[in-house]
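Visitor: I work on the computational side, so please pick one part and go through it slowly, with the geometry spelled out. After that, I'd like to hear how it fits into the rest.

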Amino acid sequence: MGEWIRFWLVAVILAAGIISFALEVLGVFRFGYVLNRIHAAGIGDTMGILLVVVALMIAAGFSAVTLKLLLLIIFMWLTSPTSTHFLSMVEMNTNPYLEHHVHRRAEP
Amino acid sequence: MRSLFRRWFYGESDPIDDLLDVARQEDLDRQTRKNISKKNIREYEARPEARLSVERMRKRFRWIYLLTAIVCCVFLSYVLLYAVSSLPHLGELNPRTEEVVNRYVEKGLEETGAVNIVSGMILDYRAFDTLGESHVLFTALICVMILLRIDSKNQRKGYEDYYTIRSDTYFDLSHDMILRTICRALLPCILLYGIYILLNGQNSPGGGFSGGAVIGAGMILFSASYGMKTVDRFLTLKLCNIITFVSLAFYSFAKGYVFFMGANGLDAHIPKGTPGAILSGGLILPLDIAVGCVVSITMFGFYSLFRRGSIGTDVDYSRIDNKSRRLRKTGGRKQ
């Protein structure tokens, strides 16, 4: 019974992670503007990684591998949003036609 | 017009065909005129029958071109297929080709002292090849420096806007709080991991190239998050040159000593150490460090040269800085 609960838990979480990866790929290829694409890519880089790695942690049981996978989540959650933030800042600073895509608040 | 239509309707003539013919003839004339010299053009225009002979010659030459191409293709295919046919089959035990591989696998640990056979191969058996690769990296850095370096001699007047855009102060996002905080947490891990890969090359997968690449990437991240000026405090062009030169010279002298002392390092008297320890593998660890230094300096040098045209502060950025500060006040971009 316990094995079955674990199997279905892993299956559901893994499927959710794969769905978020699919959404990421769809968004990256279907959106036209860079900020929209970054937004779509961020879904998979945070949500997808979290779900898939948590499913793997449950599947593998508690061992040294669990800690390594936890380290993977921490590393990805630190680096991926930072690079997204950096990319969007470069776009904001360098694109002269930003008003065509983005509605900016007036600076105080 | 009407008669033309009637003639075309009754099949007497085709106006489009005539037009095409004329165009083709003009094209042909231009081509033949390009092929023959000026002196021959006069003869060619004087004698109408010369046109025929030139066209015949062009046809003959086309035939020769075709034949030469076919002969070359068939010959090359034959040579390549012959070479392929003498290769051993996949998975077949062939003493002619397997000898070297078996030697590496069987005697590698004993002769080089390295648990990682790949490391023993590229830094002991084939160290000369790795020396060439390090020099290739060094040469690539020199070429990029020749092309992209800005110093006081080639800093052109009147192009300040161009250099303002290129200078690191314009796109510098190192004042960003998020990036700085994340990098403060991550950079020690990245650099430490790179040093671990570098020093543990003889025991586990890794070595000079991969460890040097990780360290170089960490330094690029450092310069992106803390600003080029922070890196300039400890890494100048002179230091880069000294590190690269000392690494390559040490590599050359150490490996030259081993090569000239006798076959397979028999008389070199370099202690192998116990396999698996950090100080083992004879010359592999020092050579790994040398290669890692060259690789990391090359990676960071590429980044620095492509970003602002120099390694270290040998350019007077004060003027450019003032201008870019003015630009940043207007929203960070030109209006």
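**A close look at the aromatic rings**

Guide: Let's begin with F7(A): its relative accessibility is 47%, so it counts as partly exposed. Keep in mind that we're looking at a predicted model. F7(A) belongs to an aromatic cluster, together with W4(A) and W8(A).

Over all chains, the structure has 9 aromatic pairs. Take W4(A) and F7(A): their ring centres are 6.0 Å apart and the planes meet at 85 degrees, so this pair is edge-to-face. The cut-off behind that label is a plane angle over 60 degrees. As for exposure, W4(A) reaches 55% relative accessibility and therefore counts as exposed. Along the chain, W4(A) and F7(A) are about one helical turn from each other, because they sit 3 residues apart in helix α1 of chain A.

Now put Y78(B) and Y82(B) beside that: this aromatic pair is stacked, with 6.3 Å from centre to centre and 20 degrees between the planes. About one helical turn separates Y78(B) from Y82(B) too, since they are 4 residues apart in helix α4 of chain B, which covers residues 48-85. Y78(B) and Y82(B) are both exposed. There's a ring with a charge over it as well: the charged end of K255(B) sits above F259(B), 5.8 Å from the ring centre.

So much for the rings; here's what surrounds them. Chain A has 3 helices and 0 strands, and 27% of its 108 residues are buried. Its accessible surface is about 7500 Å², with 74% belonging to carbon and sulfur atoms. If you count contacts in chain A between residues at least 6 apart in sequence, 59% link residues at least 24 apart.

Helix α2 of chain A, residues 34-60, is worth a stop. Its 27 residues should span 39 Å at 1.5 Å a residue, and the end C-alpha atoms are 38 Å apart, so the two values agree. Even so, α2(A) has a kink of about 30 degrees centred on G48(A). G48(A) is also one of the buried residues of α2(A), and others among them are I38(A), L51(A) and M57(A). The cover over those buried residues includes α1 (2-30) and α3 (64-94) of chain A. Right after α2(A) comes G61(A), with a positive phi of about 80 degrees.

Chain B is helical in its secondary structure as well, with 14 helices and 0 strands. Of its 335 residues, 34% are buried, and it exposes about 22100 Å², of which carbon and sulfur atoms supply 66%. For contacts in chain B between residues at least 6 apart in sequence, the share joining residues at least 24 apart is 71%.

Two serines in chain B give you a feel for that. S296(B) is part of helix α13, residues 284-308, and counts as buried because its relative accessibility is 8%. Beyond its neighbours within four places in sequence, S296(B) contacts G212(B), I215(B) and G216(B). The C-alpha atoms of S296(B) and A217(B) are 7.8 Å apart, although 79 residues separate the two in sequence. S304(B) also lies in α13 of chain B, and its relative accessible area of 0% makes it buried. Setting aside residues up to four places away, S304(B) touches M228(B), G309(B), S310(B) and I311(B).

Conventions
Residues numbered from 1 in each chain as written. Chains lettered and ligands numbered in written order. Predicted model: local features only at pLDDT ≥ 70, side-chain atom pairs only at ≥ 80, totals over all residues. Heavy atoms only, no water. Expected span 1.5 Å × (residues − 1). Bend = angle between axes of the 7 residues up to and from the residue. Buried < 20%, exposed > 50% of the residue type's maximum accessible area, 1.4 Å probe, protein only. Contact = heavy atoms within 4.5 Å. Areas by Shrake-Rupley, 256 points an atom, 1.4 Å probe, with all protein chains shown as cover. Phe/Tyr/Trp six-rings, centres within 6.5 Å; stacked < 30°, edge-to-face > 60°. Lys NZ or Arg CZ within 6 Å of the ring centre and 35° of its normal.
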